Amino acid sequence: MKRLLIILFFVFLWRCALAGEEHLLPRPQQVEWGEGHFSARKVRLLTDVPSRSWEEWLQECGMKADGRAASRIEVSLTDTLPEVGNNPAEAYRLTVETHRIRVEALTGRGLYWAMQTLRQLRDDRGRFRCCRITDWPSFRIRGFMHDVGRGYIPIEELKREIELLSRFKINTFHWHLTENQAWRLESRRYPRLTARENMTRFEGCFYTREEVRSLVEFARRCHVEVIPEIDMPGHSAAFVRAFGCDMQSDRGMSLLKELLDEALELFDSEYIHIGTDEVAFSRRDFVPEMVAHLRARGRKVISWNPGWHYRPGEIDMTQLWSARGQVQEGIPAIDSRFHYLNHYDTFADLVALYNSRIANVECGSEGVAGVILAVWNDRLIPDYRDLLRQNHLYPNMLAVAERAWLGGGDRYFDGEGVMLPTDPSSEVFAAFADFERRLLWHKEHTLRHEPVAYVRQSNVRWEISDPFPNGGDLQKVFAPEREAWSGCFEEGGRRYGVREAVGAGIYLRHVWGGLVPAFYRAAPENHTAYAHTWVYSPRTQRVGAWLETQNYSRSEKDVPPPQGKWDYRESRLWINGSEVAAPEWSASHRLPDNETALGNENCVVRRPVEVLLHKGWNEVLWKLPVGEFRSAQTRLVKWMFTTVFVTPDGERAVDGLIYSPRKKL
């Protein structure tokens with residue numbers, strides 16, 4: 001019965017893919033599919049809203065507006081959409097018939113989201129499948145954040161990301177503009193703030209007032225709100241260098257108010273973010289005075305949580321950033337807990353992000369506004385495209401785009417979110433596999449020019465042993481190295497079993513330790529694990545492999561592995577009985593340092609390891625020891641491994657491979 005269900009599921013996916021409608025991401029709330037397609041070269045465009053963007057869309061689709069055409073596209077604002085659930089201001093109704101497309105929404109933003117759905121509905125032949133869609137977002141804030149204070153991303157790149165992510169109905173860009181390293185927002189009154197000598201990274205790089213205005217206007221056209229963050233009173237060494245005073249001094253507070261007034265001239269956003277995290281407060285009037293200053297100028301204020309302690313009415317919204325942050329009654333919240341992409345690995349954390357509820361609730365409310373994924377750059381990464389690739393910006397943003405739009409999810413990060421179910425007929429597995437299929441379609445189409453380092457992983461299956469105690473001897477040899485792999489091993493008079501796992505990246509212990517349960521729910525120090533699978537190849541071929549045992553966070557001072565080693569834990573890998581050598585590491589420093597650039601430590605930014613696969617079954621065996629969960633070289637030890645075979649250039653998975661620990665075709 002289970003085999004039949006699996007076959008039927010994949011037949012369903014295949015038929016949907018042929019029909020051309022199953023690339024929609026995020027999935028709409030309500031869809032009714034019809035028969036036939038809308039297909040026309042000339043159309044009548046009938047609209048009661050400004051039509052420039054729709055005329056541009058017609059041109060993009062290869063259609064031409066013609067008042068005499070038989071086929072028509074009707075775009076209009078309406079007073080009511082009775083079927084809609086949450087957030088009606090962003091809702092839309094879309095009807096596609098063989099000779100008519102009708103788009104209705106309560107606002108221009110809703111019409112824009114409908115246009116994005118139409119973009120994805122269009123197939124390779126320029127046709128639109130007949131359907132009726134009624135759609136709305138579960139959460140009103142669906143965003144991403146860049147820390148350009150520690151780093152710097154050119155304005156045109158930020159615009160590209162805003163436009164591309166708006167195609168997936170992302171509606172918020174949180175712009176973290178100031179940090180210890182640099183103040184990136186030009187000040188007309190105090191130009192020394194952005195002087196080269198007052199920056200310690202990307203010296204001389206900042207955003208001019210004209211650039212900021214152009215980005216805000218560009219984002220408005222994409223229906224994305226820009227929320228600027230002026231971090232205070234912590235993370236402010238650049239301010240101190242420029243003015244010689246602390247933000248919490250009388251002079252510092254006066255200067256900050258002037259700088260906030262300047263910022264308000266550039267940003268039309270409803271909200272201004274003031275930081276307030278990771279700092280000792282020396283005066284109790286600082287935060288209330290800054291909040292009052294912004295509110296007096298008609299703006300609402302966001303603050304990090306944990307940070308300053310607020311009572312209801314003292315702040316307009318908080319942004320939860322650590323596990324200690326909690327939604328407070330009477331204060332709306334944005335969930336950014338466990339949403340720091342700078343700590344994410346390539347594969348397992350994407351599973352957690354897609355499966356997890358936002359703020360552990362089913363849908364948004366007055367108290368839970370939504371989610372923002374954050375990219376922090378404590379560690380220097382000079383190339384912003386490299387930064388996007390290592391933080392897996394687009395795969396993760398597409399996962400949160402769907403989750404924030406649809407709501408739901410079956411768990412939170414602290415509920416084994418990083419582990420895919422091993423039963424492919426389960427709803428959770430099927431949902432992720434289908435999301436993954438759509439993500440990979442958009443990688444090849446919508447995001448084809450972007451750094452998207454992701455390949456299918458829902459087909460990669462392993463068996464992993466119970467952990468063997470090594471007593472701190474990381475080179476100690478255990479039964480899986482001495483004998484053929486089986487379902488049970490004898491060692492020291494004890495029996496050790498194996499369990500199945502699914503994924504190209506498997507956490508034995510998560511970067512956040514017990515806060516995020518992984519394969520070993522209570523992972524023990526000073527133990528050795530083994531992971532094993534067979535890989536069927538339809539022919540003998542040389543392929544690439546993404547391989548790693550420690551994904552290096554972009555916010556840590558960690559030093560690279562010793563040359564000739566995969567890590568500091570004596571991990572080893574054998575393929576068909578031959579040991580696979582570790583890469584040659586590009587960095588060689590041996591003291592923790594944030595200012596030594598992260599090099600090729602992470603597998604997605606180096607050339608894949610070359611591997612020969614024989615025709616038939618190929619054996620893969622990892623030895624994965626661990627000592628203590630914190631070391632002098634690596635602050636956050638990720639007990640994990642990543643293995644997936646890719647094309648030699650690392651652009652896609654190798655076709656035709658079957659990963660099966662029991663050699664099942």
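**Exercises on cavities, sheets and helices**

The largest cavity holds about 60 Å³ of space. The model is predicted, so local features are restricted to pLDDT of at least 70 and side-chain atom pairs to pLDDT 80 or more, whereas totals for chains, interfaces and linings use all residues. Numbering starts from 1 along each chain as its sequence is written, and side-chain values rest on heavy atoms, with hydrogens and water left out.

**Exercise 1.** Describe the enclosed spaces of the structure, with the residues that line the largest cavity and the second largest cavity.

*Solution.*

Step 1. Searching the whole structure yields five cavities of 30 Å³ or more. (On a 1 Å grid over the protein atoms alone, a cavity is a set of points where a 1.4 Å probe fits but cannot get out; a pocket is an open set with protein on both sides within 12 Å along at least five of seven lines; lining residues have an atom within 4 Å of a point. Points join across faces, edges and corners, and volume is the space filled by probe spheres set on them.)

Step 2. The lining of the largest cavity consists of Gly151, Tyr152, Ile153, Phe202, Asn377, Arg379, Ile381, Pro382, Tyr384 and Leu387. Sorted by class, this lining comprises seven nonpolar, two polar and one charged residues. (Ala, Val, Leu, Ile, Met, Phe, Trp, Tyr, Cys and Pro are nonpolar; Asp, Glu, Lys and Arg are charged; the others, Gly among them, are polar.)

Step 3. The second largest cavity contains about 40 Å³. Its lining is formed by Trp183, Leu185, Glu186, Ser187, Leu259, Glu262 and Ala263, of which four are nonpolar, one is polar and two are charged.

**Exercise 2.** Which residues are the closest to the centre of the second largest pocket, and how does its lining divide by class?

*Solution.*

Step 1. The volume of the second largest pocket is about 750 Å³. Its lining has 32 residues, and Trp321, Tyr340, His343, Trp512 and Arg635 are the closest to the centre.

Step 2. The lining of the second largest pocket divides into twelve nonpolar, nine polar and eleven charged residues.

**Exercise 3.** Work out which strands stand at the edges of the open sheet.

*Solution.*

Step 1. The protein has 13 helices and 28 strands. (Both are DSSP runs numbered from the N terminus: helices are H or I of at least four residues, strands E of at least two.)

Step 2. The open sheet has seven strands in the order 1-7-5-6-4-2-3, and its pairing is mixed. (Two strands pair if DSSP finds at least two bridges between them.)

Step 3. Strand 1 (30–38) and strand 3 (64–65) each have a single partner strand, so they stand at the edges and one side of each lacks a neighbour in the sheet.

Step 4. Two bridges link strand 3 in the parallel sense to strand 2 (residues 42–47). In strand 3, Ala65 is the bridge partner of Val43.

**Exercise 4.** Describe the closed barrel and locate the cis peptide bond between Asn305 and Pro306.

*Solution.*

Step 1. Eight strands close the barrel in the order 8-9-10-11-12-13-14-15, with parallel pairing.

Step 2. Strand 12 (residues 300–305) runs parallel to strand 13 (residues 317–320), and four bridges join them. Trp304 has Gln319 of strand 13 opposite.

Step 3. The cis bond between Asn305 and Pro306 has an omega of about 5°. Pro306 belongs to the loop between strand 12 and strand 13.

Step 4. Another cis peptide bond joins Leu25 and Pro26, where omega is about 5°; Pro26 is placed in the loop between helix 1 (2–19) and strand 1.

**Exercise 5.** At what angle do the axes of helix 4 and helix 10 cross, and which residues make the contact?

*Solution.*

Step 1. The axes of helix 4 (residues 155–166) and helix 10 (residues 384–391) cross at roughly 35° and come within 11 Å. (Axes are lines fitted to C-alpha atoms, for helices over the stretch in contact; angles between N-to-C directions run from 0 to 180 degrees.)

Step 2. Helix 4 contributes Glu157, Arg160 and Glu161 to the contact (heavy atoms within 4.5 Å), and helix 10 contributes Tyr384, Arg385 and Leu388.

Step 3. Two of these contact residues are nonpolar, none is polar and four are charged.

Step 4. Lys169 lies in the loop between helix 4 and strand 9 (172–176). The phi of Lys169 is near 70°, a positive value in a residue other than glycine. Most residues other than glycine have a negative phi.
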